[in-house]
Structure formats: C-alpha cells, structure tokens
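The following paragraphs lead through one part of a structure, beginning with a pair of residues and widening from there to their surroundings. Please keep the sequence and the coordinates at hand while reading.

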Amino acid sequence: MTHQEAPELEAFVEAAKAKGASDEFLTSLLARRGWPQDDVHSALGRYWERQTGLAIPERTGGGESSRDAFLYLLSFSTLATWASALGSMLFQCIDWWLPDPVSPQQVYNLRNQVTWQMASIAVAFPVFVLVMRTILREAQERPERLQSGVRKWLTYIALLLTAGGMICDLIWFLDYFLAGELTSRFVLKSATVMAICGAIFVYYLGSLRWNRDTKVALVRRRSLRFGSAAAAAFAAAFAIGLGVAGTPSAQRHVEADNHRVQDLRTIGWAMHNLQQRPGKLTEALPASLGELVGKGVTQAQIVDPETGKLYEYREKSGTLYELCAVFSGPQEAATQFWYHGKGRVCYSLDAAAAPAW
C-alpha cells in the first residue's frame with residue numbers, strides 16, 4: 001500500500017512519534033493490526049526523511065545478489081559432488097575389502113568406478129576450497145555479506161539433505177539390527193554416511209549464526225578446520241583409491257590384458273565359425289592367424305596391443321589348437337577358462353566344439 005493509499009498510516013506514525021513511541025513499538029503494534037511490514041517501514045522511512053531533511057540513501061552494488069547466488073551455488077554444488085563421490089568410493093572400497101560371497105565384486109568394474117570417483121573428488125574439492133576462500137575474503141572486507149539471503153536458503157537446503165541422509169542411515173541401520181543381519185561391511189558403510197553427513201551438518205548449522213557482527217577470523221578458523229578435515233579424508237581416500245585401482249600406468253596394463261583376452265576370444269570364435277558348415281566340418285585349421293583376417297577377425301585383433309607382435313598360434317591335432325599371449329599381470333576378474341597370471345599363458349581350444357567361454 002502506498003503513501004497516497006494510506007494517509008491515516010502516515011498521520012498515525014507522525015502523532016505516535018511525537019508522543020515518543022519507538023520504531024520497534026510501532027512496527028510491532030501495526031503488524032498486529034494487519035499492516036504489512038514493508039508499508040510500516042516505508043511510513044517510518046518517510047517520517048525520518050522529513051525529520052532529517054535527507055532522503056534515505058540507496059545502497060550501491062545491486063549486482064551483489066547475483067554474484068552471491070553464483071558463488072554459493074557453485075560452492076554447494078561442488079560440496080555435493082565431492083562428498084557424494086567420497087562416500088561412493090569408500091563404499092566401493094569396503095565392498096572390495098569385505099566381499100559378499102553371495103554377490104562377488106567384479107574388480108574390473110570396481111577399477112572403473114573408483115577412478116571416476118577419484119576424478120570427481122580431484123576436480124570438485126579444489127574448486128570448493130577456492131570458492132569458499134573467495135567468499136571468506138570478500139566477507140572480511142564486507143562482513144554484511146555473511147547475512148546473504150542466498151547463503152541462508154542454500155544452507156538450509158544442505159542441512160535438509162544431510163539431515164535426511166543421517167535419518168535414512170539410522171533407519172537403515174536399525175532395520176538391519178532388528179533383522180539380525182548386521183555385518184562388518186554394513187556397519188562401516190553406515191558409519192561412513194554418518195561421518196560425512198554429520199560433519200557437513202555440524203559445520204553448516206554453525207554457519208547459520210554468522211552475521212555482520214561475527215568476527216571473520218572466527219569464521220575463517222571454523223572453515224579451516226572443516227576444510228582440513230575434508231582434505232585429510234580426501235587424501236586418505238585418494239591413496240586408498242590408488243591402492244585399489246593402481247597407478248595410471250598399472251591401469252593401462254590392466255586394459256591391455258583385457259584387450260588381449262578379448263582378442264583371443266574373438267580368434268576362438270572365428271576359428272569355430274570357419275570349421276562349421278551344415279552337418280559337417282568343411283575346412284582345415286588355418287596355417288597362420290593371418291588367414292583369419294577378413295573372416296570375423298581384423299588385423300588389429302591378431303596382434304598384441306602393446307608389442308604389435310602376432311599372438312602365438314600352434315596347431316596340435318585334428319581341430320585342436322593352442323593360442324598364447326604374454327600378460328602384464330594376473331586377471332582377477334576373468335572367467336575360469338580365461339584366467340591368467342603374469343607372463344606367457346597358453347590356452348588349448350577345439351575349433352569343432354562350440355565355445356563354452
């Protein structure tokens with residue numbers, strides 16, 4: 001409601017102030033009578049403009065709200081990224097350390113998942129730290145930035161999500177406890193969720209008390225403690241991830257070994273298909289692997305991906321033959337037939353029999 005629409009409000013404020021009523025009393029009194037707070041503040045503002053003879057100054061820097069939104073959205077999104085990646089990676093490692101005999105972990109898939117989580121943390125966490133450093137540096141110059149409405153809204157959202165995570169974790173834990181199915185891996189997973197969500201919840205719950213009167217040095221110390229604990233968890237998780245996934249060079253050797261197994265499988269199927277015709281065998285074994293090129297096999301599939309040398313091929317008797325390759329290391333996730341250790345490994349196959357591998 002504007003000044004022209006409520007002259008009685010203007011007149012009442014003028015008379016009440018003349019009697020010594022305080023701004024707080026008038027704001028509370030008029031609010032109880034149904035007046036919008038903005039209208040009351042506007043009426044009080046015009047009263048003081050008349051008393052001082054000066055217009056209420058407009059605050060400069062109208063772009064601060066959009067900048068605050070960008071910084072806080074970026075900080076909270078990177079927080080969600082590295083925190084969820086950290087939890088997921090620790091879950092994968094717990095499954096690896098304490099395997100479930102009912103559903104064994106596939107190590108090849110585990111490596112891919114762990115490396116993805118490691119990359120997510122390695123990118124998101126430094127960005128989070130840089131953004132928080134920017135926010136605190138600007139708050140040191142202008143402490144009122146700590147009262148940003150955007151920050152409070154996003155903080156409450158973060159608190160809601162972390163509180164929901166802890167509540168679900170407790171329900172999950174109690175359900176397993178009552179069912180008598182608690183295991184070491186389950187307890188560790190539950191503790192991981194509680195630790196990550198709990199640390200974030202405590203830090204951001206405390207941050208809601210920050211305002212323009214809060215000492216920025218205190219805010220920086222609290223943020224430094226939170227950041228240091230997160231950095232320690234990040235470093236430990238990264239080291240564990242390297243232990244599970246291996247270094248990039250080790251990963252390359254693993255991929256090369258998987259490539260070798262796939263090549264040998266492809267060659268085996270091509271040999272079987274060449275021998276099969278309706279009702280009878282129609283071809284002898286090829287003299288070399290080169291004869292298979294264009295018959296279900298490419299040139300790249302008959303040579304080692306790292307050395308470029310042909311895989312070893314040797315005819316035995318009838319339709320029996322042998323394929324050999326030199327592997328970089330043991331294949332933990334291979335099927336029983338294609339399991340291999342490190343070094344030269346040979347496989348005996350029969351082109352007349354349908355492959356069972």
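In this predicted model, a convenient place to begin is Cys 324, which stands opposite Cys 346 of strand S5. This pair belongs to the ladder between strand S4, residues 320-327, and S5, where eight bridges join the two strands in the antiparallel sense. Another position along the same pairing is Tyr 321, whose bridge partner in S5 is Leu 349.

On its other side, S4 is joined to S3 by four bridges, and these two strands likewise run antiparallel. Here Leu 323 of S4 has Tyr 313 standing opposite. The strands S3 and S4 form a hairpin with four residues between them, and within this hairpin Gly 318 adopts a positive phi near 60°.

Taken together, the three strands make up an open sheet whose order is S3-S4-S5, with antiparallel pairing. Strand S3 (312-315) and strand S5 (343-350) each have a single partner strand and therefore stand at the edges, so that one side of each is left without a neighbour in the sheet. From one strand to the next, the twist averages 20°. In sheets generally, strands pair through backbone hydrogen bonds, in either a parallel or an antiparallel arrangement.

How many of the eight residues of S4 are buried? Six of them are, and the strand is accordingly described as mostly covered. As a general point, the side chains of a regular strand alternate between the two faces of the sheet. One element that lies across this sheet is helix H9, which crosses S3, S4 and S5 and runs at about 165° to S4.

Within H9, which spans residues 248-275, the residue to look at is Asp 257. Is Asp 257 buried or exposed? Its relative accessibility is 4%, and because the limit for a buried residue is under 20%, Asp 257 counts as buried. Leaving aside residues up to four places away in sequence, Asp 257 touches Phe 327, Ser 328, Gly 329 and His 340. With one of these, Gly 329, there is a more specific approach to describe: a polar atom of the Asp 257 side chain lies 3.1 Å from the backbone nitrogen of Gly 329. Phe 327, also among the residues touched by Asp 257, falls within the range 320-327 of S4, which leads back to the strand that holds Cys 324 opposite Cys 346.

Conventions: Residues are numbered from 1 along each chain as its sequence is written. This is a predicted model: local features need pLDDT of at least 70, side-chain atom pairs count only at pLDDT 80 or more; totals for chains, interfaces and linings use all residues. Side-chain values use heavy atoms; hydrogens and water are left out. Buried means under 20% relative accessible area, exposed over 50%, partly exposed in between (1.4 Å probe, protein chains only). A polar contact is a pair of N or O atoms within 3.5 Å; within protein, one must be able to donate a hydrogen and the other to accept it, and residues adjacent in sequence count only if both atoms are side-chain atoms. Contact means heavy atoms within 4.5 Å. Two strands pair if DSSP finds at least two bridges between them. Axes are lines fitted to C-alpha atoms, for helices over the stretch in contact, and angles run from 0 to 180 degrees between N-to-C directions.
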